[in-house]
Amino acid sequence: MVCMDIKTDSLVSFFSLWGYGFSDLINSTTDRAFSFSDLLQSYSSQNIPLLEQTFSGMNKLSFEEKKEAINKLKNLTIDVNSGKYNSSKQLINDITTTFQLGEDNKRILENAYESYKKFYDLNKKTILQSVSTLSSSYEKNGLYDYFEKMYAFFQVDKSKKTNLYLHHFPSIMLDTGSSTKDCIHQNISIDKNEPKDHYLNNSCILTRRMFTPVHELGHFLFENSESASDIANNPDSSAHKVFKHLENYFASKNKKNPNRFAYAIIHEAFADSCSGFFKEKQDESFNLLNLPKINSNFAEVDSLIHVVYPIYKQHMKENKPISDDFFKQVLESPLFQNNFKNLASTAQIASAKFDGRN
Ligand SMILES: [Zn+2]
């Protein structure tokens, strides 16, 4: 039984495109590989009406309003990904009422969807071909077997099936992949520096993106694992203690949301370990820990991967699932203690602030 279905859907892709721009605007603190201007450029290069107006005013929201908007977006994303919508009219109606966009913007969204649909339908043959090429290359490369091992490691029941949505965006790559608690997404468009004609019938795009779903599945499975709920609800668990240690570390560095950073780097360390181990199985000369920069998001991810990866590797080799012991090993690792020293006292933090350094 294959626990992942590869899918493509114009409505889901369109919503993702819109959602990228939306979350980019309301969440101005994120430092992402793509930007709102890339999104608009992507649209205009395919004569898709600009969505600028549907976002206008969003970046003027207060902190509380932003938080509320992000929650609404999350709920809407769950609905779209679970296949609740089968007509663009219904989806666009809900977007406009949820975010109070008004009739004019509703028409802009409708036009934008019509244009995106045209682009999608024009390339449908290639798009469907990507789905079957990807599916058979996964089979050929033993990826499906590895997915099952990942399910077993995270102790997520195989009946919790994942959908992998392939997104085909016009001419520009906004992001390589993302995941939610319900499914994962992969961008299959060309890189923004590539010639446009690479988009069609280029199987190298498919193979070079082979590790994206492994990484994203790692996120998906971690989010659905017992360890993620231990972090949130079980203060006695070693997973929670690792999380708290990292939270204190980021607090001592004056990070604004230390808990979010702590949770994010644990997530990334597991996702990168998943894809790193698979790469190593494919190519013996590859060693994740020798990469100058494993994860470009932030340096602390790299520091944590050096702790987590060897333990993950050992577990995979011995077919051992994730458990309290995994996180106990992290806590007791001298490398962990050394990489995440919580040395700064409150006084030190205060003086660093006055110095203007952090
Ligand atoms: Zn990631």
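Q: What makes strand 2 and strand 4 a pair in this predicted model?
A: Pairing takes at least two bridges, and strand 2 (residues 162-167) and strand 4 (residues 184-187) have four, running in the parallel sense. Leucine 166, for one, sits opposite glutamine 186 in strand 4.

Q: Why are strand 1 and strand 3 said to stand at the edges of the sheet?
A: The sheet is open, with four strands in the order 1-2-4-3 and mixed pairing. Strand 1 (4-7) and strand 3 (177-179) each have a single partner strand, so one side of each has no neighbour in the sheet. From one strand to the next, the twist averages 20 degrees.

Q: What makes the buried residues of helix 6 line one face?
A: They are Leu109, Ala112, Tyr113, Tyr116, Phe119 and Tyr120, and buried here takes 20 or more other C-beta atoms within 10 Å. Looking down the axis, they fall within an arc of 120 degrees, so they line one face of the helix. Residues three or four places apart point the same way, because an α-helix has 3.6 residues a turn.

Q: What do the buried residues of helix 6 pack against, and what does the face turned away carry?
A: The buried residues pack against helix 1 (10-26), helix 3 (52-55), helix 5 (88-98) and helix 7 (124-140). The face turned away carries the exposed Glu103, Asp104, Glu114, Asp121 and Leu122.

Q: Where in the chain is confidence lowest, and where is it highest?
A: Helix 17 (residues 346-355) is lowest, at a mean pLDDT of 39, while helix 15 (residues 324-332) is highest, at 97.

Notes. Residues are numbered from 1 along each chain as its sequence is written. This is a predicted model: local features need pLDDT of at least 70, side-chain atom pairs count only at pLDDT 80 or more; totals for chains, interfaces and linings use all residues. Helices (H or I, at least four residues) and strands (E, at least two) are DSSP runs, numbered from the N terminus. Axes are lines fitted to C-alpha atoms, for helices over the stretch in contact, and angles run from 0 to 180 degrees between N-to-C directions. pLDDT is the predictor's confidence in each residue, from 0 to 100. A residue is buried if 20 or more other C-beta atoms lie within 10 Å of its own, exposed if 12 or fewer, and partly exposed in between; C-beta atoms are placed from the backbone. The arc is that of the directions from the helix axis to the C-beta atoms. Two residues are in contact if their C-beta atoms, placed from the backbone, lie within 7 Å.
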